[in-house]
Amino acid sequence: NGDVKIDNVSFSYEPNRMVLKNVSVDVKAGENIGVVGHSGAGKSTLVNLITRLYDVDSGGIYIDGINIKDLSIEDLKSQIGIVLQDTYLFMGTIAENIAYGKPDATMTEIIKAAKAAYAHEFIMNTPDGYDTRIGTGGHGLSGGERQRVSLARAMLKNPRILILDEATSAIDTQTESQIQKALEKLAEGRTTFNIAHRLSTLRNADRLIVLDNGEIVEMGTHEEVYAQEGVYHKLYHIQKEALKLRGIND
């Protein structure tokens with residue numbers, strides 16, 4: 001279903017240097033969770049633990065009531081889609097890159113996913129369309145194009161749980177609005193953990209989790225957390241002023 005329970009989780013990369021401390025949150029299937037905090041607060045670490053890139057030091061993470069340590073890595077990864085800031089594409093065709101998470105996908109499925117990710121138009125403008133070969137790391141595509149291929153890959157996989165880690169931070173403002181629409185479409189009906197560099201894109205999240213020094217210090221809707229005038233309120237205004245200086249009205 002996609003219920004995720006993070007139960008009293010602590011984690012450190014090095015002895016005696018805790019990155020997360022006694023973090024607990026219950027996330028219902030289909031809920032969209034924004035994860036917020038200063039750089040180094042533990043945001044990426046939290047989502048990395050859900051995917052078992054690392055294992056918790058103490059506490060537990062449960063999906064549909066089952067400890068993720070009791071699931072096979074293959075089963076766990078098959079139900080989780082990840083879109084990162086740094087998209088990695090492989091040497092091969094665009095179609096092969098989209099189908100990476102579902103190698104038996106039909107061409108019809110690949111095109112449908114690409115359209116949903118707003119990638120179909122630029123793909124059709126490449127020399128050989130979906131058969132256009134790209135270099136390692138997506139050489140030959142712009143940052144926005146690489147990210148849309150990555151989104152199409154996640155859409156084709158159709159996971160129950162979606163992790164977005166700074167998925168639009170490397171994209172120019174004009175491309176970002178298009179990719180933001182694709183991200184919203186991708187998140188529909190899925191349990192989503194969204195780390196976003198632009199806090200305004202998280203305003204419609206069902207809940208925000210605000211991390212500070214490895215602990216959850218605030219939790220609730222944008223309005224609820226903003227009204228507390230704490231960490232989130234301060235971050236929101238610092239960012240708003242920074243964007244204003246760049247001539248961006250958020």
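**Helix 1, the largest pocket and Thr201**

In helix 1, the buried residues are Lys43, Thr45, Leu46, Val47, Asn48, Leu49 and Ile50. The model described here is a predicted one. With seven of its eight residues buried, helix 1 is mostly covered. After the helix comes Arg52, which has a positive phi, near 65°.

Helix 1 also takes part in a second feature of interest, the largest pocket. This pocket holds about 530 Å³ of space. Its lining is made up of 22 residues, and those closest to the pocket centre are Gly81, Ile82, Val83, Leu84 and Arg153. Two or more lining residues come from each of helix 1 (43-50), strand 6 (80-84), helix 6 (143-157) and strand 9 (161-165). The most is given by strand 6, which supplies five residues to the lining. Sorted by class, the lining comprises eleven nonpolar, six polar and five charged residues.

A last stop on this short tour is Thr201, in the loop between strand 10 (191-195) and strand 11 (207-212). Thr201 counts as partly exposed because its relative accessibility is 23%, and the partly exposed class lies between under 20% for buried and over 50% for exposed. When neighbours within four places in sequence are left aside, Thr201 is in contact with Gln180 and Ala196. Gln180 lies 21 residues from Thr201 along the chain, and the C-alpha atoms of the two are separated by 8.0 Å.

Technical notes. Residues numbered from 1 in each chain as written. Predicted model: local features only at pLDDT ≥ 70, side-chain atom pairs only at ≥ 80, totals over all residues. Heavy atoms only, no water. 1 Å grid on protein atoms, 1.4 Å probe; cavity = no way out; pocket = protein on both sides within 12 Å on 5 of 7 lines; lining within 4 Å. Points joined across faces, edges and corners; volume = space filled by probe spheres on them. Helix = DSSP H or I, 4+ residues; strand = E, 2+ residues; numbered from the N terminus. Nonpolar A, V, L, I, M, F, W, Y, C, P; charged D, E, K, R; others polar. Buried < 20%, exposed > 50% of the residue type's maximum accessible area, 1.4 Å probe, protein only. Contact = heavy atoms within 4.5 Å.
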